[in-house]
Amino acid sequence: MKKKENPEKQSAQNNSRRSFLRNAGLAAAGFYIVPRHVLGRGFIAPSDKLQIAGIGAGGKGESDLWSFYNSGKADIAFLCDVDDRQSKKSRERYPKAKYYKDYREMLDKEHKYIDAVSVSTPDHMHAIQGLAAMQLKKHVYIQKPLSHNISEARELTEAAHKYQVVTQMGNQGASGDGVRKLIDWYNAGLIGDVHTIYCYTDRPVWPQGVGWPTTKGTVPEGLDWNLWQGVAPAKDYVDGLLPFNWRGWWDYGTGALGDMACHIMAPAFAVLGLGYPVSAECSVATRYLQPWTRAYYPESCPTASHIILTFKGKDGKPDVKLHWMDGGIQPARPEELGPNEMMGDGGNGAIFEGTKGKMICGTYGALPNLLPTSKSKEYDNVPQTIKRVPKGDNGHYAAWVEAAIAGYGSAQAKELSSNFDIAGPLTESVLMGNLAIRSFDIQKKAASGRVSYPGRNIKLLWDGPNMKITNFDEANQFVRKEYRTF
């Protein structure tokens, strides 16, 4: 006699793919996994244009999709956004694109007709959504920072090769001529061996270092608040968080570092080929609520910070100390820079100090200059040691579109300025700074009531290959995170 099926098991087997995707849980230390039976290559349109699905159709997502479309080689075939208000312009611009609110439903129903996916959502959803597309063997373009934590960045980097997809991160300055000029100058030996780098920004330009609002707001019509929260802990909706200020909260954003460091630190990685840092130190600005009473808001990023990441020198070259400063803090002006000459682009920039000289640039590696700046024109025609991207940073999007059409392993894919082999280690280093900041706020209370902060005034030693702090175990809680089922 045939054994009777367990009702729960039978029900689970009868679930549709859409139900599976919608209800799939998230393991404490892993990603949600798309079932193998929905895997498949994307449909190539008769026009041979890349068929793109956009997860995140408003704000930066809106401009990303427009840039892909303007390459002339892509169609925006599907749109997905949890907020009808934000996606309004994109829906009007691409009236033939089918619109979804839940990316899981879109990928489940339409995966056969999608070649590539653009992810431009709040930071906490980047890796989850990107990996879901990669598991379906879709090429992906993910906005910066690539992920919300270090473990996710590593997972995405490995997944690019596992699923054989073409990848690019949205730090468009990586394709700019400015970065390539810095590389040429460095390769020509004009500043010697770099030992110190200063990267700085005037961000944040949103509230940070503040407490979570105590007044519950009313969810606006058109917004699916549960889907917006995604894998983050469930909270009541509060006014002022959307569409921008989420960046200052660890549950969703990555602070000034996550917003700008993938732009400002990228030239350092491109010039020197930096890998994983071996240590991290930090100090952060402290707010006082009243005399002698410090504010303590560990759920919010700080108003300003100074990070020092140390990278081991390669091939006998010196170790490199990379300083990150945000909140408007800037390094001392180089002596070689004239008193009325602008440092970087004003609010943001990078300074490279070598054994023979110095060079500087602004955000995205723009405005590159040797110091003194008169040398820039003198050495403007040094041999080009790296291929230029057509249209520079404006060509960042088109380069990915063309590489995706050419396919995984193509010359175009290998030449991308921020494929995940490049963007992954960069993002890990950026988020290493945030790990140091969050460790700074770890609080311990003794039986006597005395409060201590064991993560302060120490240097965190980092085992990059194994993604582990070796001298302060409490810090490792920030390497990965738990995911809410939604």
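Lys144, Arg203, Arg247 and Asp259 are linked in a network of salt bridges. The structure is a predicted model, and a search of the whole of it finds 23 salt bridges and zero disulfides. The points below cover several of these salt bridges, two cysteines, the helices H6, H7 and H15, and the surroundings of Trp225 and Thr363.

**The network and the Arg203–Asp259 pair**

- Within the network, the side chains of Arg203 and Asp259 meet in a salt bridge, with 2.6 Å from N to O.
- Arg203 belongs to the loop between strand E7 (194-200) and helix H9 (225-229), while Asp259 belongs to helix H10 (residues 255-264), so this pair ties together parts that are 56 residues apart in sequence.
- Asp259 is buried, at 4% relative accessible area.
- Arg203 counts as partly exposed, at 23% relative accessibility.

**The Asp184–Arg388 pair**

- Asp184 and Arg388 also meet through their side chains in a salt bridge, at 2.8 Å from N to O.
- Asp184 is in helix H8 (residues 177-187) and Arg388 is in the loop between helix H12 (374-378) and helix H13 (396-406), so the salt bridge ties together parts that are 204 residues apart in sequence.
- Asp184 has a relative accessible area of 1% and is buried.
- Arg388 has a relative accessibility of 21% and counts as partly exposed.

**A salt bridge within helix H4**

- Lys88 forms a salt bridge with Glu92, and their closest N and O atoms are 2.6 Å apart.
- Both residues are in helix H4 (residues 84-93), four residues apart, which puts about one helical turn between Lys88 and Glu92.
- An α-helix has 3.6 residues a turn, so residues three or four places apart point the same way.
- Lys88 counts as partly exposed at 46% relative accessibility, whereas Glu92 is exposed, with a relative accessible area of 52%.

**Cysteines**

- The search for disulfides finds zero.
- For Cys282, the closest cysteine sulfur is that of Cys301, and the two sulfurs are 12 Å apart, too far for a bond, because a disulfide needs the sulfur atoms within 2.5 Å.
- Seen from the other side, Cys301 is in no disulfide, and its nearest cysteine sulfur is that of Cys282, 12 Å away.
- Cys282 is buried, with a relative accessible area of 17%.
- Cys301 counts as buried too, at 1% relative accessibility.

**Helices H7 and H15**

- Helix H7 (residues 150-162) packs with helix H15 (residues 420-440) at an angle of about 175°, and the axes of the two are 8 Å apart.
- H7 and H15 are therefore roughly antiparallel to each other, because angles over 145 degrees count as such.
- On the H7 side, the residues that meet H15 are Ile150, Ala153, Arg154, Leu156, Thr157, Ala160 and His161.
- On the H15 side, the residues that meet H7 are Phe420, Asp421, Gly424, Thr427, Glu428, Leu431, Met432 and Leu435.
- The residues of this contact divide into eight nonpolar, four polar and three charged.

**Helix H6**

- Helix H6 (residues 126-135) is mostly covered, and 10 of its 10 residues are buried.
- The buried residues of H6 include His126, Ile128, Leu131 and Met134.
- Gln129 and Gln135 are also among the buried residues of this helix.
- Lys137 follows H6 and has a positive phi, near 65°.

**Trp225**

- Trp225 is placed in helix H9.
- Trp225 is buried, at 9% relative accessible area.
- Leaving aside its neighbours within four places in sequence, Trp225 is in contact with Val219, Lys235, Asp236, Tyr237, Leu241 and Leu242.
- Trp225 and Val82 are 143 residues apart along the chain, and 7.7 Å separates their C-alpha atoms.

**Thr363**

- Thr363 is found in the loop between strand E14 (358-361) and strand E15 (369-371).
- Thr363 is buried, with 7% relative accessible area.
- Leaving aside its neighbours within four places in sequence, Thr363 is in contact with Met260, His263, Ile264, Asp345 and Asn348.

Conventions: Residues are numbered from 1 along each chain as its sequence is written. This is a predicted model: local features need pLDDT of at least 70, side-chain atom pairs count only at pLDDT 80 or more; totals for chains, interfaces and linings use all residues. Side-chain values use heavy atoms; hydrogens and water are left out. Buried means under 20% relative accessible area, exposed over 50%, partly exposed in between (1.4 Å probe, protein chains only). Axes are lines fitted to C-alpha atoms, for helices over the stretch in contact, and angles run from 0 to 180 degrees between N-to-C directions. Angles under 35 degrees count as roughly parallel, over 145 as roughly antiparallel, 65 to 115 as roughly perpendicular and the rest as oblique. Contact means heavy atoms within 4.5 Å. Ala, Val, Leu, Ile, Met, Phe, Trp, Tyr, Cys and Pro count as nonpolar, Asp, Glu, Lys and Arg as charged, and the others, Gly among them, as polar. A salt bridge is a side-chain nitrogen of Lys or Arg within 4 Å of a carboxyl oxygen of Asp or Glu.
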